[in-house]
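Trainee: I should like to understand how the terms used for a ligand site are justified. May we go through them one by one?

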Amino acid sequence: MTAEVRRAAGARGGAADPPRLVALIPAAGGGSRFGSALPKQYADLGGRPLLLRTMERLAAALELDATAVALAPDDVFYDSVVGPRDGVDALRCGGASRAESVANALAALGSRCGDDDWVLVHDAARPCVPVDALRRLVFELADDAVGGLLAVPVADTLKREDRETPARILRTEDRSGLWCAQTPQMFRYGVLRAAFARPGALAATDEAQAVEALAATGACSRPWLVTGSALNIKVTYPGDLALAAAILAAQENAA
Ligand code: CTP
Ligand code: MG
């Protein structure tokens, strides 16, 4: 989708004040699949904590008005591993799931965000998101009333497993039109608050899913897919750390 198509589909009138852009970084997970005593957001990634790499990537690419980091209430690492940073609010509002952490942080941002302001939700665990993908997301959604997310078209052939005979193929699925969701996911603050206020919203595995459910009621239009990057990996398993380090090194060499 081009920015022109988006504008035609969801153009807004000119507001008096430009909307603010606030980054919200959920970093309250325990990293059970990563499996280290130090939660993965604090793991060493080329000499710096992973969470700090993610914060610096967003700050380098975008003109952010503020950054909020959602931490677990009992986090004992942030103050020593990352520490105070200009323009960054550490919110000890994490919940039992990513959706809860995001919903709690949105509530905490209430006094600082207007309905039209943009909230860019980005996993702490995605430190390699390319600068050009970040700028594309913000540029392409700028005039939209709702928002959208970075995503990449599914590249692999998809096999459906036969549940009755595990590991045996039932059929090949049509991958056309299927995308893998990434973060950032950028939505108007008012849209996100309304989406997360709905029953069942905390079962959503990303912000877009909560907004899709809101859109199904007719309250807003559906989110947009904006082309992301295969380099925007999520550090999930221990081996992902070396891959992230290699991607960052290649990005730094190319810069
Ligand atoms: N997250 C969060 N609050 C939670 C769970 C996750 O803020 N209750 C954050 C993580 O810190 C991470 C992002 O959401 O930055 C994506 O989650 P994921 O990669 O699944 O991280 P974890 O939940 O920490 O890992 P795991 O699922 O392996 O336990
Ligand atoms: Mg998780």
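Mentor: We begin with a definition: helices (H or I, at least four residues) and strands (E, at least two) are DSSP runs, numbered from the N terminus. The model is predicted, so local features need pLDDT of at least 70 and side-chain atom pairs pLDDT 80 or more, whereas totals for chains, interfaces and linings use all residues. Residues are numbered from 1 along each chain as its sequence is written, and side-chain values use heavy atoms, without hydrogens and water.

Trainee: Which element gives the most to the lining of the largest pocket?

Mentor: Strand E10 (179–188) does, with 6 residues. A pocket is an open set of points on a 1 Å grid over the protein atoms alone, where a 1.4 Å probe fits, with protein on both sides within 12 Å along at least five of seven lines; lining residues have an atom within 4 Å of a point.

Trainee: What makes ligand 1 an occupant of a pocket?

Mentor: A molecule sits in a pocket if more than half of its atoms lie within 2 Å of its grid points. The space taken by ligand 1 is the largest pocket.

Trainee: Why is the pair between ligand 1 and the side chain of Ser101 called a polar contact?

Mentor: A polar contact is a pair of N or O atoms within 3.5 Å. A nitrogen atom of ligand 1 lies 2.7 Å from a side-chain N or O atom of Ser101, so the pair qualifies. For Lys234, a polar side-chain atom is 2.8 Å from an oxygen atom of ligand 1. With Gly30, a backbone N or O atom is 3.3 Å from a ligand 1 oxygen.

How values were computed:
Chains lettered and ligands numbered in written order. Polar contact = N/O pair within 3.5 Å; in protein donor to acceptor, adjacent residues only side chain to side chain.
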